[in-house]
Structures are given as structure tokens and as C-alpha cells.
Amino acid sequence: MDSALFRQLVAHLKFIYPERDPAPLALELLAAMALDPDAQGPSPHQNLWSQDDVLLISYGNSVVDQGEKPLVTLDRLVTGELADCLSAVHILPFFPFSSDDGFSVIDYVSVNEALGDWGHVSQIASHKTLMADLVINHMSSRSAWFENFKRRRDPGKDYFKEASPEDDLSQVVRPRSSPLLTQVATDDGERWVWCTFSSDQVDLDFGNPAVLLEFVKIVAFYLAQGVRWFRLDAVAYLWKVPGTPSIHLQQTHEVVKLLRTLVSHKVPEALLITETNVPNRENLTYFGNANEAHLIYNFSLPPLLIHSLLSGSCRHLKTWAMSMPPAQNGTAYLNFIASHDGIGLRPAEDLLDEQELGAFIGAIERAGGLVSYRRTGGEDKPYELNISLWDALRDSIEGGEQQWQLARFLCAHCIMLGLEGIPAFYIHSLFATENDTQKVALTSRNRSINRHSWTLEALRAALSNGSYHQQAFEALRHLIRVRRKQPAFHPNATQFTLHLGLQLFGFWRQSLDRSQSIFAIHNVSGQPQALALSSINLVSTDLWFDLISGRHYPDAQAELVLAPYQCLWLSNRDYGGGE
């Protein structure tokens, strides 16, 4: 066989498994995906997204209604209240699981019966682009594969990563403080398995080609159910070698490239998103040369943006924004401020000093938040802040600014919506959900604080009674509708950071055809800030107006005063999208 696709697969496999003949495995991969060897892949550097794309992140049971499966309720919400807010839905793991709210998967090809079935999943996929997790690094210790590992049977006998306490594991980078190795009794005696996250989440061994083949079959199955965006969970830890950090190894990158090759040839509009909560420079490597992940999470944005709004200074946010390379066509950033996990601190490690970090953590704790730690070099260090976004923005670091909570909250989302990339809203941010301290007490897990489950009745009441839930949701809907109409907010449109001091965070966006410019300017402080329009060099022959408020600014030399946390999207073109 001498097709271009076959040769490409062989090249990937030679790198991943240099001691094996790659041809037989390449043929098995083609068969697993039901791919014609002569299948043509998509054109390189093609953007499979636009400014219209907005992602919702939700558990299958984030909203429930009595008498129906939660996935049915989610579909009703997606096609009802949220119909004009989003183009895509990320349903967090909806499989049978044993821990970690779904991320310890027992069976990859079944739907958790408490949520619904594959018909319900496919129904959501028929309305919106569906994103699902490929929990690729580890699997539940209660899975059939792991039971077979313990009984020394196939499939599963050689599917999990083993190591020895005598191995050099001193360099291994981990996001947890629990023991790395777990001792397991098997029919062949005691063995030690590698557990990056917990003893219930046993790491898979991709050094065994059979594991790779199994996951390609899973990907093919998900595609057949309507999944189009694949979130590769914890993929940075995929390949492990004692004596190394066992994170970001080149074999990991090559596995991602191989999966992109297969997925893109099978369904050209399908995308891979890598979930790599690591320092920014490491995160950027998952773009490859526009041949690896289509999208990468902008993990630096949440801690830096929230810190800016709590400190009243955008110094670090601006420094980071200026350092971010434009994503090549065919790749894009996935921007978010909150998720089902906490606010990761690793991406801010090189930017916030210890004093700033301490003040940041103190403000979060005063707002009812919690801190999770990781073990590194024998020391526990703060890894993430666990808090709802609404409560995270309750007050400033200095205190005494609780009256600006809603304004701060909306300012954070204005910034996210305007930045280069695709915006993603965690469902509890969209509804301004508070900390769920009762759930933390019930589960003893810090992350439960931001994993509330609304009843549909309570949610609809909250969105119609004049509460801050309603105020926040209606304001966010307005911003989203406006954003989705603006070519200058295309995920790959030009972006330049403006220099407006430390209290005004601003950037300029220009559409790909250069017909529209937007100056996005945000007061990140609790004090009014003056802005001379001459300082941003508005073209005097254009008519400028604020897309958010609709107000016109005929004098390009005027001086404005932005109220605390006020935002402007100054544009020279009106593409609609408002009320």
C-alpha cells in the first residue's frame, strides 16, 4: 500500500514505536476507523470556526428536572433558554464512573444510565456541535480492563502502566500530592501501577500498541454518535518513562498528531482540543506546526484575568497578552475563565510573585474559596483555587468593593469574549451560580464547590425574578449576541495589545478582510478612569460607536471617563447582534 494517508500513519508509528514494524498497525488503525487508505484530509490551515462559535461547558446533570433524564433536560435548555447563546456544547464525562465526577471512567462506550443513553447524546449533537471527553490518560480501577489486568487476562492484562518503587521517579511532574504508585494484588503477585491523579485512576500504557488501537476504536465510535470536538483529558501525562518528568514527552505529541491525522481524514470538520493545565510556554507546544491540536485551552487567562480584576491592575494580564503568538490559521485558542475544575495556578507561576500570589489566594479564601495542592520536590504547593466565578469576583484584594461584583463579573466576560480565540462558558458562570459549600461537605472534595446541580424549576425562577442571576444572564446573552455578529471577533482576527496604563486593559481587533476594527477597552479597577480617544488613534473619517451600549462617538479626539469595571467595544462597523 502506498497511499499518502498510509505513509503518514507509518511515519507517526515509526516515531512512537521505533522497534516495531509500523505497517501492520497502520492497517489495523485504518480498519478501526473504517477509513479508505485513499481518503483525502482537509486543506491545511483551514479555520473550522468563526466568530459565531461559543461553547457551553456542562455536566450532564448540571440542571435536572423531576421525571426525566438529565440529558433530556440539558437538551431542552440548549434549545430553549440558551438557544442563541452557543453553537457548541461540551458535555463533561457522561460515562459510567467510579470517582472524580466522571473522570474515572469504567466503560468508554456506555452512557451513565442515571443521565440517559446514546440516543439522548446524539439528540444534543443534532442541535449543536457536540464536544466530548476522551479520558485518555487513565481509567477506573473498577473497569473491566483493570479487572482483567489483575486476573492477567486480555483485554487489559498489559493495558496499564507499571513501575517499581525502586525506579527513579524523582523528576515526575504531577498535579496531585497523593502517592504516584499504587500496589495491586494480581494473580501473578503484587504489582505497582502508575496513578498520576488518584489510586482509582490508573494510568494506561500507550507503550502497548494495543492500547492505542483500543482508543482509536473508541474515537471512531464517538464520531458515529455525533461527537465532533474531542477534549483530550490530561493528555500531557500520556507517555511515562522513569528518570524523566513524564510530561510532554515527544511520544505524547506524536500520538496527538496521529489522532489528528485519523480524525481529520474520517470527518474533516472534527477537532482535537488538548487539556494541558501547565505553564503557558509548555501549553503552546500542543499546536505543533498546525498539525497537532486544533484548539488549546488558554489556561493562563483565568488566573491572570481574575487577579487583574481583584487587584485593579492589568500589568500581568497585559504582559501575557503581548507575549501570546497569534494562532496560525487552522489552530485557535479556547478562552475560558471558569470550568468544572478550579482556577489553575501553574500557568501563572512565572508571572505572579509570591506576595501577589499570597494576596490573591487570601482574597479567594475570604470569598469562601478553597485551595488544592500538588506535590513537587517533596513540597506541597498551591495548584488551583476552588470557587465559583461569581464568588471569586465578590470583592477586591483590598476589600470594600462588593457593590461592584456584577460589574466585575461582566467585565471579566467582556474581556474573554473579545480576545483572539473561541469563548467557552461554564454553565455556572452563565447563571452566576454561587459556591456550593453543602456539596463540598457532602463529598469532601474541593472541586465540588463549583459543581452545583440546579433544578430546572429553581433555575427558571432565578432567571425571572430580578435576581443577580437574571441580571448576569441577560447581560451575558446581550454580549454574546453582539460578539457573534462581529467579523473582527473571528477567533483568528488580528489582535494587538494597547498601552493605556495599568487600570485600562485594551486591545485592537481587525477582521480578516480588514473591513472592521474593534477597540476593546476595559476598566479593571474600582475607580473611574479617563480615556483620551486620541490615545488609541481612531480613524477620524470613520464613525465610531460602542457595540455594547450603542452609543456613538462622533469626536475622535474626545475624552471619556469609564466607570468602575466599564467596558467599551468601539467599532467602525455595525453588524448588529444587540437587542
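Start with strands S21 and S24 of this predicted model. Select residues 529-532 for S21 and 559-562 for S24. The two strands run antiparallel and are joined by 4 bridges. Now pick leucine 531 in S21; its bridge partner in S24 is leucine 560.

Stay on S21 and show side chains. Which residues point to one face and are buried? Gln529 and Leu531 do. Ala530 and Ala532 point to the other face and are not buried. The side chains thus alternate along the strand.

**Next stop: a three-stranded sheet**

Select S13 (343-344) and S15 (379-386), then add S14 (370-376). These 3 strands form an open sheet in the order S13-S15-S14, with antiparallel pairing. S13 and S14 are the edge strands, each pairing on one side only.

Zoom in on S13 and S15. Their antiparallel pairing rests on 2 bridges. Find isoleucine 343 and look across to S15: leucine 385 stands opposite.

Now add helix H11, residues 354-366. H11 lies across S14 and S15. Its direction makes an angle of about 50 degrees with S15.

**Next stop: the largest cavity**

Turn to the enclosed space. How many cavities of 30 Å³ or more does a search of the whole structure find? The search returns 2. The largest cavity holds about 370 Å³ of space.

To centre the view there, select Arg231, Asp233, Glu275, Asp341 and Arg447. Among the 31 lining residues, these five lie nearest the centre of the largest cavity. Then colour helix H9 (301-311) together with S13 and S15. These are the elements that give two or more residues to the lining, so two strands from the sheet stop return here.

Colour the lining by residue class as well. The largest cavity shows 14 nonpolar, 9 polar and 8 charged residues.

**Last stop: the second cavity**

The second largest cavity has a volume of about 60 Å³. Select its lining in pieces. Begin with Ile306. Add Phe336, Ile337, Ala338 and Ser339. Follow with Asp341, Gly342 and Ile343. Finish with Ile387, Ser388, Leu389 and Asn450.

By class, this lining has 7 nonpolar, 4 polar and 1 charged residues. Leave Asp341 displayed: this residue lines the second largest cavity and is also one of those nearest the centre of the largest. Keep Ile343 on screen too. This residue lines the second largest cavity and stands opposite leucine 385 of S15.

How values were computed:
Residues are numbered from 1 along each chain as its sequence is written. This is a predicted model: local features need pLDDT of at least 70, side-chain atom pairs count only at pLDDT 80 or more; totals for chains, interfaces and linings use all residues. Side-chain values use heavy atoms; hydrogens and water are left out. On a 1 Å grid over the protein atoms alone, a cavity is a set of points where a 1.4 Å probe fits but cannot get out, and a pocket is an open set with protein on both sides within 12 Å along at least five of seven lines; lining residues have an atom within 4 Å of a point. Grid points are joined across faces, edges and corners, and a volume is the space filled by probe spheres set on the points. Ala, Val, Leu, Ile, Met, Phe, Trp, Tyr, Cys and Pro count as nonpolar, Asp, Glu, Lys and Arg as charged, and the others, Gly among them, as polar. Buried means under 20% relative accessible area, exposed over 50%, partly exposed in between (1.4 Å probe, protein chains only). Two strands pair if DSSP finds at least two bridges between them. Contact means heavy atoms within 4.5 Å. Axes are lines fitted to C-alpha atoms, for helices over the stretch in contact, and angles run from 0 to 180 degrees between N-to-C directions.
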